[in-house]
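Visitor: I'd like a close look at one place where two helices pack against each other. Could you walk me through it, and then set it in the context of the whole chain?

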Amino acid sequence: MKNNPEFQKAVSTVLDSKNLQLTRTFTQHGDVSVFAHCMAVAAYSKKLADKLGIKYDSESLVRGAMLHDFFLYDWHETSNIGDGLHGFAHPYTASKNAIKEFDLSPRELDIIRKHMWPLTLTKLPKYRESWLVCVVDKYCSILETFKLNSYNDYSFVNPMLIKKLEQHKAARIRLEKGKEELKKRVAHERRTAEKRAEMQNEKRRHEISGRYEQYKARKS
Ligand SMILES: [Fe+2]
Ligand SMILES: [Fe+2]
């Protein structure tokens, strides 16, 4: 998948998210992070879809898989964050988090919400993309639990994409810094102009009162 432009393009639309990057610090199974798990599910789902030769929405499949476990907590430490028991509730939590950050297609939302079927009995996958992720998620979970996986965080990401994202990030930081400096400069210029105007007003007031004093002296 490292050289699959379609996969890399879809991944790049979510990879820059701070919260998605945070999932690199949460463990999914064994020593695999939630991030690596989602990336593997995305890559294997796409591989399977291509192998089957079926018609599918590639971008939704990859993005939905990338976000299917976007629940953003360590489920080994917390089994219930208020939405219900992790196994049953995390698809809903993940979709709630994903909606806040991304513009999701109906397929992407379905992939996230239904991936735990048949555990979540009534949440039957609606699209073929959701079925693919639902099946591949279980396959990857088994690989990871029995330490049979051969992937880590960036096994499926082209190094060029990571480089490009780093460059974007650096450019964004530079831009933010530039904006801050510009704001400071504008504020400083405004303060200087106000001070100058105040001084001119003071001078004028002084001149007027001087002239008035002269006028009074002449009259008396
Ligand atoms: Fe899950
Ligand atoms: Fe999963």
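Guide: Happy to! Let's begin with the whole protein, which is a predicted model, and then move in. Buried residues make up 28% of the 220 residues in the protein. It has 8 helices and 2 strands, and from the N terminus on the elements follow the order α-α-β-β-α-α-α-α-α-α. The radius of gyration is 30 Å, well over the 17 Å that the globule rule gives for 220 residues, so the protein is more spread out than a compact globule. Along the principal axes, its C-alpha atoms fill a box of roughly 110 × 40 × 35 Å. As for contacts with a separation of 6 or more, 63% of them are between residues 24 or more positions apart.

Now for the helix pair. Take helix α4, residues 58-66, and helix α7, residues 128-145: their axes come within 10 Å and cross at roughly 40°. That angle makes α4 oblique to α7, and the crossing of the two helices is right-handed.

Looking at the residues themselves, α4 brings S60, L61, G64 and A65 to the contact, while α7 meets them with E129, L132 and V133. By character, the residues of this contact divide into 4 nonpolar, 2 polar and 1 charged. The nonpolar ones are L61 and A65 from α4 with L132 and V133 from α7; S60 and G64 count as polar, and E129 in α7 is the charged one.

How values were computed
Residues numbered from 1 in each chain as written. Chains lettered and ligands numbered in written order. Predicted model: local features only at pLDDT ≥ 70, side-chain atom pairs only at ≥ 80, totals over all residues. Axes fitted to C-alpha atoms, helices over the stretch in contact; angles between N-to-C directions. Helix = DSSP H or I, 4+ residues; strand = E, 2+ residues; numbered from the N terminus. Parallel < 35°, antiparallel > 145°, perpendicular 65-115°, else oblique. Left-handed = near helix turned anticlockwise from the far one by under 90°. Contact = placed C-beta atoms within 7 Å. Rg over C-alpha atoms; globule rule 2.2 N^0.38 Å. Buried ≥ 20, exposed ≤ 12 C-beta atoms within 10 Å, placed from the backbone.
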